[in-house]
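Please read this report alongside the sequence and the model. It moves from the whole chain to one helix, then to a pocket and to some backbone angles.

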Amino acid sequence: MYETWDQMRSFFARFPLSIIQLAGRIGVGATFFKAGLLKYGSWELTVKLFEDEYRVPLLDPGVAARIAMVQELTIPILLFLGLATRAATLPLLGMIAVIQTFVYPNAYNDHLVWGSILLLLLTRGPGVFSLDHLIERYYLRRSSRGRTIVQDRKSTRLNFSHVSESRMP
């Protein structure tokens, strides 16, 4: 029984984390992007909702609605591309905290799921199916090539430390 369980566990452990990260980026990004499209498509209703129902403290309803719409239409694109992913999670986590605290305190199920996915992306990164990964590989390859050139130069540099100063030209 234990061997079967151990085999199943090791089988599932081989599932690529990058696929989970990609699915999380698309899932959370699509949720926020759709909300942004709805705000953009019916702007007057959006402002009215921010005035009557959402009531975000310290911000004018029009300003709060515009900030939310801009974030919901731009940040998900970064998530979809996997570009600046870790930085992109921070404003969305902030939005979730504000929504949970001031707007829909009973919607914690959705907020926990979105927040957990965003925390995974913040702490583990976007995975290999991302522009962040390609950029990181480019700079690592470039810096390792630079180190190789420096090492080659150091090894071909003439070493006169064994020659006394009187014998040097």
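What follows describes the chain as a whole and then some of its parts.

This is a predicted model, in which local features need pLDDT of at least 70 and side-chain atom pairs count only at pLDDT 80 or more, while totals for chains, interfaces and linings use all residues. Residues are numbered from 1 along each chain as its sequence is written, and side-chain values use heavy atoms, with hydrogens and water left out.

## The chain

The secondary structure of the protein chain comes to 7 helices and 0 strands, where helices (H or I, at least four residues) and strands (E, at least two) are DSSP runs numbered from the N terminus. Of the 169 residues in the protein chain, 25% count as buried, a word that here stands for under 20% relative accessible area, with exposed meaning over 50% and partly exposed in between (1.4 Å probe, protein chains only). Taking contacts (heavy atoms within 4.5 Å) between residues at least 6 apart in sequence, 69% join residues that are at least 24 apart.

## Helix H6

Helix H6 covers residues 108-124, and its 17 residues reach 23 Å from the first C-alpha to the last, close to the 24 Å expected at 1.5 Å a residue; that expected span is 1.5 Å times one less than the number of residues. Which residues of H6 are buried? They are His111, Gly115, Leu118 and Leu121. Seen down the axis of H6, these buried residues fall within an arc of 120 degrees, so they line one face of the helix, the arc being that of the directions from the helix axis to the C-beta atoms. An α-helix has 3.6 residues a turn, so residues three or four places apart point the same way. The cover over the buried residues of H6 includes helix H2 (17-41), helix H4 (61-81) and helix H5 (85-103).

On the other side of H6, Asn109, Leu112 and Arg124 are exposed. Arg124 has 53% relative accessibility and therefore counts as exposed, and, not counting residues up to four places away in sequence, Arg124 touches Gln21 and Arg86. Although Arg124 and Gln21 are 103 residues apart along the chain, their C-alpha atoms are separated by 8.6 Å.

## The largest pocket

The largest pocket holds about 500 Å³ of space. A pocket is an open set of points on a 1 Å grid over the protein atoms alone, where a 1.4 Å probe fits, with protein on both sides within 12 Å along at least five of seven lines, and lining residues have an atom within 4 Å of a point. Of the 23 residues lining the largest pocket, Lys39, Ala68, Glu72, Met95 and Ile99 are the closest to its centre. At least two residues of this lining come from each of H2, helix H3 (43-54), H4, H5 and H6.

## Positive phi angles

Most residues other than glycine have a negative phi. The table lists three residues with a positive phi.

| Residue | Place | Phi |
|---|---|---|
| Leu58 | loop between H3 and H4 | about 70 degrees |
| Ala84 | loop between H4 and H5 | about 55 degrees |
| Gly125 | just after H6 | about 85 degrees |

Leu58 is exposed, with a relative accessible area of 89%, whereas Ala84, at 35% relative accessibility, counts as partly exposed.

Note on methods
Points joined across faces, edges and corners; volume = space filled by probe spheres on them.
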